[in-house]
Amino acid sequence: MANHIVFFTLVALTLCPLAFAFEPSPLQDFCVADSTSSGIQIFWFSFSTMLYSTRPSKLNGLACKNPMNVQADDFFFSGLNIMGNTSNAVGSKVTPVTVAQLPGLNTLGISMVRIDYAPWGINPPHTHP
């Protein structure tokens with residue numbers, strides 16, 4: 001019993017700093033990609049300060065859509081429920097979801113994938129930059 005208490009205490013102490021690892025003052029609360037923009041003008045709205053502004057800026061990603069033009073569809077992708085075609089040499093199909101398919105992922109540095117495997121299918125060796 002004492003070993004379990006020590007183990008759970010160590011796990012809790014290890015994960016505790018992760019709960020505080022956030023940016024207290026982000027540049028913007030959200031930045032939905034605007035694929036039609038030239039990428040120079042940035043719209044941002046901060047809920048914490050209730051401030052709306054537009055200014056030239058360089059961000060990690062595409063230019064931001066005006067927050068007044070953001071729609072629920074910018075945060076929705078319906079293609080992950082469709083099975084991929086696995087009749088190929090490796091027997092697998094990767095369906096990526098990036099900012100091109102889901103504009104709400106802009107500037108977050110994340111993406112999603114669905115991987116379908118045929119029986120005895122493999123995920124070929126690869127790297128992630």
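In which segment is W120 found? Keep that residue in mind, as the tour ends there.

**Before you start**

This is a predicted model, in which local features need pLDDT of at least 70, side-chain atom pairs count only at pLDDT 80 or more, and totals for chains, interfaces and linings use all residues. Residues are numbered from 1 along each chain as its sequence is written, and side-chain values use heavy atoms, with hydrogens and water left out.

**Stop 1: the whole chain**

Show the protein as a cartoon. You should find 1 helix and 4 strands, arranged along the sequence as α-β-β-β-β. Helices here are DSSP runs of H or I with at least four residues, strands are runs of E with at least two, and both are numbered from the N terminus.

Now switch on the surface. The protein has about 9,800 Å² of accessible surface, and 65% of this belongs to carbon and sulfur atoms. Such areas come from the Shrake-Rupley method with a 1.4 Å probe; for residues, only the protein chains shown count as cover. Of the 129 residues, 22% count as buried. Buried means under 20% relative accessible area, exposed means over 50%, and partly exposed lies in between (1.4 Å probe, protein chains only).

Contacts are pairs with heavy atoms within 4.5 Å. Among contacts between residues at least 6 apart in sequence, 51% join residues at least 24 apart.

**Stop 2: colour by confidence**

Next, colour the chain by pLDDT, the predictor's confidence in each residue from 0 to 100. The mean for the protein is 75, and 67% of its residues reach 70 or more. Then select residues 44-52: pLDDT stays under 50 there, and the model has 20 contacts beyond four places in sequence for this stretch.

**Stop 3: the disulfide**

Select C31 and C64 and show their side chains. A disulfide joins the two, with an S to S distance of 1.8 Å. The rule asks for a pair of cysteine sulfur atoms within 2.5 Å, and by this rule the count comes to 1 disulfide. The angle about the S-S bond is -100°, and the link of C31 and C64 is left-handed. This pair links distant parts of the chain, 33 residues apart: C31 sits in the loop between α1 (2-19) and β1 (41-46), while C64 sits in the loop between β2 and β3.

Are these cysteines buried or exposed? C31 is buried, at 3% relative accessible area, and C64 is also buried, at 1%.

**Stop 4: along the loop between β2 and β3**

Stay in this loop and select A63, which has its place there. A63 is buried, with 5% relative accessibility. Add T107 to the selection: A63 and T107 are 44 residues apart in sequence, yet 9.3 Å apart in space, C-alpha to C-alpha.

N66 belongs to the loop between β2 (51-56) and β3 as well. N66 counts as buried because its relative accessible area is 18%. The C-alpha atoms of N66 and V32 are 8.2 Å apart, with their positions 34 residues apart along the chain.

**Stop 5: two salt bridges**

Side chains of opposite charge can pair when their charged atoms come close. A salt bridge here is a side-chain nitrogen of Lys or Arg within 4 Å of a carboxyl oxygen of Asp or Glu, and the count comes to 2.

Select K65 and D74 for one of them: the closest N and O atoms are 3.1 Å apart. Both K65 and D74 are buried.

Move on to R114 and D116, whose closest N and O atoms are 2.8 Å apart. D116 is buried at 8% relative accessibility, whereas R114 is partly exposed at 22%.

**Stop 6: a nonpolar patch**

Select V94, V113, I115 and Y117. Together they form a nonpolar patch on the surface, with about 330 Å² of accessible area. Patches are made of residues with over 30% relative accessible area and no salt bridge; like charges are joined within 9 Å, and nonpolar side chains (Val, Leu, Ile, Met, Phe, Trp, Tyr) within 5 Å. Strand β4 gives the most to this patch, with 3 residues. V94 lies in strand β3 (residues 92-97) and is partly exposed, at 36% relative accessible area.

**Last stop: W120**

Finally, select W120, in the segment after β4 (112-117). W120 is exposed, with a relative accessible area of 86%. Look at the backbone too: most residues other than glycine have a negative phi. Phi of W120, however, is near 65°, a positive value in a residue other than glycine.
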